[in-house]
Amino acid sequence: MYLPAFQQLKLDPGRLCPFDSPFVSLSGDRVYPKGIVTLKVTIGTYPKQQTRQLDFLVVDCPSSYNVIIGRPTLNRWKAVTSIYCLKVKFPTEDGVSEVKGDQVLARECYQAVLAAKENHAWTIEKEKEDKVEALEAVKLVEGETAKTTRIGTTLSPEMRTKLIQFLKENLDVFAWSHEDMPDISRQVIQHKLNVDPEKKPIQQRRRVFAPERSQAITDEVNKLLQANFIREVYYPEWLANVVLDTTR
């Protein structure tokens, strides 16, 4: 149950029992309910109707709906739903009863939910943009434009000076190229293919790359060879194509 509906029913807030566990709303956000309230709900029209005590989680988030009935309650009612017909049928002591929805109202609610999701997504992206701090490039080695890093622009002058000085005093932790970190110990990191030695590898058909991509592959392999990151091996059969990472 959404908070506006709870308020319109003029229910006493003191009836809300604490409920600490969060859940994910329709917008994808994690929502902490205001509490849980037990209400008597009657469905159907006399004499074909059911009355049961139901527990509602009261949440404070925007929605075009008032209440959402979950599957546990529908199962207790032994209800059969038809989304296409906007109709719910359920058994009672006096026969089968039904509740029919309003097509126009349902369409309006659905369109409102879609609009709310779009606005919510735009708001989140806007908040992320607002939270992203602008960065400035700082040269750590005079005369070498490639050896730079970025720091935030909201630092105080004193903190900015101290940070730059700290970075310059610890230049040895920066790796500007492959050659700056040769012979990485295999105890630190190594790449292995988790394959079954009893299975025969599948040979791929050789892929032909465009000249600029082929040159990029050659240059990168040479860098890795010079830094002793990889070594040349010879297999009786060629196995797999090179995969270019174009996300960086």
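Which helices and strands each supply at least two residues of the lining of the second largest pocket? In this predicted model, the contributors are strand E3 (35-45), helix H2 (71-76), strand E5 (80-82), strand E6 (87-92), strand E7 (95-100) and helix H3 (103-131). The largest share of that lining, six residues, comes from H3. The second largest pocket holds about 1500 Å³ of space. Its lining comprises 33 residues, and those closest to the centre are Tyr65, Val67, Ile68, Ile69 and Val88. By residue class, the lining of the second largest pocket divides into 22 nonpolar, six polar and five charged residues.

The protein chain as a whole contains five helices and nine strands. Along the sequence these elements follow the pattern α-β-β-β-β-α-β-β-β-α-β-β-α-α. Of the 248 residues in the protein chain, buried residues make up 16%.

Three of the strands that contribute to the pocket lining, E5, E6 and E7, also form an open sheet, in the order E5-E6-E7 and with antiparallel pairing. E5 and E7 are the edge strands, each pairing on one side only. From one strand to the next, the twist averages 20°.

Within this sheet, E5 and E6 run antiparallel and are joined by three bridges. Serine 82 stands opposite lysine 87 in E6. The two strands form a hairpin with four residues between them, and the turn includes leucine 86, whose phi is positive at about 50°. Leucine 86 thus belongs to the loop between E5 and E6, and its positive phi occurs in a residue other than glycine. Most residues other than glycine have a negative phi. With a relative accessible area of 25%, leucine 86 is partly exposed, because that value falls between the 20% limit for buried residues and the 50% limit for exposed ones.

The pairing of E6 with E7 is likewise antiparallel and extends over six bridges. These strands form a hairpin with two residues between them. Two of the facing pairs can be named: phenylalanine 90 stands opposite serine 97 in E7, and lysine 87 stands opposite lysine 100 in E7. Lysine 87 therefore faces serine 82 on the E5 side and lysine 100 on the E7 side, as a residue of the strand that lies between E5 and E7 in the sheet order.

A further hairpin is formed by E3 and E4, with two residues between them. E3 runs antiparallel to strand E4 (residues 48-58), and 11 bridges join the pair. Threonine 38 has aspartate 55 in E4 as its bridge partner. The loop between E3 and E4 holds tyrosine 46 and proline 47. The peptide bond from tyrosine 46 to proline 47 is cis, with omega near 5°, whereas most peptide bonds are trans. Tyrosine 46 has a relative accessibility of 73% and so counts as exposed, the cut-off for exposed residues being over 50%. Tyrosine 46 is also placed 9.5 Å from serine 97, C-alpha to C-alpha, although 51 residues separate the two in sequence. Serine 97 is the E7 residue that stands opposite phenylalanine 90.

Positive phi values occur at other sites as well. Lysine 10, in the loop between helix H1 (3-8) and strand E1 (23-24), has a positive phi of about 55° although it is not a glycine. At 75% relative accessibility, lysine 10 counts as exposed. Another case is asparagine 228, just after H5, with a positive phi of about 60°.

Helix H5 itself (residues 211-226) consists of 16 residues. From its first C-alpha to its last, H5 reaches 23 Å, close to the 22 Å expected at 1.5 Å a residue.

Definitions and conventions
Residues numbered from 1 in each chain as written. Predicted model: local features only at pLDDT ≥ 70, side-chain atom pairs only at ≥ 80, totals over all residues. Heavy atoms only, no water. Expected span 1.5 Å × (residues − 1). 1 Å grid on protein atoms, 1.4 Å probe; cavity = no way out; pocket = protein on both sides within 12 Å on 5 of 7 lines; lining within 4 Å. Points joined across faces, edges and corners; volume = space filled by probe spheres on them. Nonpolar A, V, L, I, M, F, W, Y, C, P; charged D, E, K, R; others polar. Pairing = 2+ DSSP bridges. Axes fitted to C-alpha atoms, helices over the stretch in contact; angles between N-to-C directions. Buried < 20%, exposed > 50% of the residue type's maximum accessible area, 1.4 Å probe, protein only.
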